[in-house]
Amino acid sequence: MAPPGAPRSGDAIFASVERVNAELFTLTYGAIVRQLLTDLEEVEEVNKQLDQMGYNIGIRLVDEFLAKSNVTRCVDFRETAEVIAKVGFKMFLGVSASVTNWDADGTCCSIILEDNPLVDFVELPDTCQGLYYCNILSGVIRGALEMVSMKTEVTWARDMLRGDDAFELQVKLLKQVPEEYPYKDDE
Amino acid sequence: MATTACFIIVSRNDIPIYEAEVGSAAKREDAAQLHQFILHAALDIVQDLAWTTSAMFLKGIDKFNDLVVSVYVTAGHTRFMLLHNPHNDDGIKSFFQEVHELYVKILLNPLYLPGSRITSSHFDTKVRALARKYL
């Protein structure tokens, strides 16, 4: 499905980019979530804030992704999802995900993460039951896709911290925003 | 053979953060309070002893009738205290070491506040399984 020249997986790119120690990464993210919980107090607010932070990361990250990964324009949303799962996740998180559960018209799918470095050591205490600990990821995907003119809605369908057997992100394409040029032809 | 064993974890600020009765002996009604009392009484001895040695495992530091108190002090001065029948030293040492690993995992959880009560049911199950295996 991927055009020739586009990498099928992010292994090669992952091998060449700079990396940090996994525990440093995990604990840094943990510290952020912990701080948000202290500052905002409400779990719902924390979810929102994480999503917003992810969004802000995503709108920048997509440029880096396109610059380094050499992927060419995706023909449809199916391919976009595959590229995110196979190349994007591998490149930035070091794990690859799989895409399943397509609906009939190809606008809604699930990205499934078997392994998630963000949640090493984490166990949700009773006081944080409503927390989507990895909500930053959904924000990243939403932000990144918005920058390449796709409005999406990303929600968590399964979460291992809540006792499920995998992480499942449901990505729903709301609409393709046609590219707008900021100038008129006759000007 | 029926064994008595009571395991508690005391934080560096002398607050008990985890307690479990892990013995197989039939319980007396007042046993839990008695065991806690003995273990807490041993804290003073631990405090004196902990700085005289570099070993983490302090074996048989206190006695009460036929029961012995053994303690494992982590680098962060959290104390694992076990009240047990006097036998099976190797098992107790292994028990402490494995509990230490579990404790480090709990400590690495960003949502756990160091020094607060350990409420994780996963931890509890694992500790009880270790107790069955080693004690």
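Q: What makes the link between A:Asn21 and A:Glu23 at the start of H2(A) a polar contact?
A: A side-chain oxygen of A:Asn21 comes to within 2.7 Å of the backbone nitrogen of A:Glu23. The cut-off for a pair of N or O atoms is 3.5 Å, with one able to donate a hydrogen and the other to accept it (residues adjacent in sequence count only if both atoms are side-chain atoms), so this pair qualifies.
This is a predicted model, where local features need pLDDT of at least 70 and side-chain atom pairs pLDDT 80 or more, while totals for chains, interfaces and linings use all residues. Residues count from 1 along each chain as written, chains are lettered from A and ligands numbered from 1 in the order written, and side-chain values use heavy atoms, minus hydrogens and water.

Q: How do you know that the span of helix H2 (residues 22-40) of chain A agrees with expectation?
A: The expected span is 1.5 Å times one less than the number of residues. With 19 residues that gives 27 Å, and the end C-alpha atoms are 27 Å apart, so the two agree.

Q: Which residues of H2(A) are called buried?
A: A:Thr26, A:Tyr29, A:Gly30, A:Val33, A:Leu36 and A:Leu37. Buried means under 20% relative accessible area, exposed over 50%, and partly exposed in between (1.4 Å probe, protein chains only). The buried set packs against helices H3 (43-69) and H5 (135-147) of chain A.

Q: What makes S1(B) and S2(B) a pair?
A: Pairing takes at least two DSSP bridges; these antiparallel strands have five, so they count as paired.

Definitions and conventions:
Helix = DSSP H or I, 4+ residues; strand = E, 2+ residues; numbered from the N terminus. Contact = heavy atoms within 4.5 Å.
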